[in-house]
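Got the viewer open? Here's a short walk through the model, one selection at a time.

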Amino acid sequence: MEPLDLLFEDLAHPNPYIQNQAFTAMVRDWPQQALPRLLGLLAQPDISLRRASVRGIGAFGAAALLPLADLLQASTDSTIRASCVKAYAQVASNKPGIQFPEAAMQAIEEALSDPSPVVAVAAVMALGQVGQQALPLLLNVVNGDNPAQAVAAVNALAQIDDPAVVQSLRDLQQQPQVDRYVLESLESALSRMSDLRARQPQSR
């Protein structure tokens, strides 16, 4: 059996540490061969293997961003689309501050209006991981007409360490058209952010 095939066998292992070792070796030694195979596993009915594949794709960083956009926009399978969006969140989590190319941001923006609510909400959470680059899109979602997405967007915004976020959320509180559940989420998010800032050590 080829070494890369052995790594893919390890990817299916129930031990997360062995999975991590497998996709770390893929990124290091077999990047061109491994990434397409991982993308192909996003259609895998085995949930554990699919989740491991999402994490594996996330380890490829910038190299995965455009292939994910192509697959996300081409697929008619909501499971594959949701997995692509979750892989974007993994990339952003693994590489804080990574700049997403326009095509990747466009793909996530389109996923916000996906007919599958799982895909649409996952897209919001991915944008929260992307961070400051995603602020305009997240604010648009909060102002949109989908309360479930808006609540998810508020929670995603609350994870972004930027003073502009606090002011934007406070401004949204004053908008008369804001849904009641979204307003409650805004109040909760601002309270959490205030508590977090209060616990942070003051610079001298």
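The stops below go from one side chain to the core and then to a helix pair.

Keep in mind as you click around that this is a predicted model.

**Stop one: Q19.** Select Q19, which sits in helix α2, residues 16-29. Is Q19 buried or exposed? Its relative accessibility is 9%, and the cut-off for buried is under 20%, so Q19 counts as buried. Now show what surrounds Q19: leaving out residues up to four places away in sequence, Q19 touches D10, L11, H13, P14, A52 and R55.

**Stop two: the core.** Hang on to L11 from that list, because next comes the largest nonpolar core, and L11 is among the residues with the most contacts inside it. The others to colour are M26, I57, Y88, F100, L138 and L169, and the core has 71 residues. Which helix gives the largest share of this core? Select residues 78-94: that's helix α6, with 9 residues in the core.

Then zoom in on M26. Again skipping residues up to four places away in sequence, M26 touches L4, L7, F8 and L11, along with P31, A34, L38 and F60.

**Stop three: α5 and α7.** Select residues 65-74 for helix α5 and 102-111 for helix α7; their axes come within 8 Å and cross at roughly 35 degrees. The crossing is left-handed. To see who meets whom, show L65, L66, A69, L72 and Q73 on α5, then A103, A104, Q106, A107, I108, E110 and A111 on α7. Colour this contact by residue type and you get 9 nonpolar, 2 polar and 1 charged.

Terms used. Residues are numbered from 1 along each chain as its sequence is written. This is a predicted model: local features need pLDDT of at least 70, side-chain atom pairs count only at pLDDT 80 or more; totals for chains, interfaces and linings use all residues. Side-chain values use heavy atoms; hydrogens and water are left out. Helices (H or I, at least four residues) and strands (E, at least two) are DSSP runs, numbered from the N terminus. Buried means under 20% relative accessible area, exposed over 50%, partly exposed in between (1.4 Å probe, protein chains only). Contact means heavy atoms within 4.5 Å. Axes are lines fitted to C-alpha atoms, for helices over the stretch in contact, and angles run from 0 to 180 degrees between N-to-C directions. A crossing is left-handed if the near helix is turned anticlockwise from the far one by less than a right angle, and right-handed if clockwise. Ala, Val, Leu, Ile, Met, Phe, Trp, Tyr, Cys and Pro count as nonpolar, Asp, Glu, Lys and Arg as charged, and the others, Gly among them, as polar. A nonpolar core is a set of buried Ala, Val, Leu, Ile, Met, Phe, Trp, Tyr and Cys residues joined through side-chain atoms within 4.5 Å.
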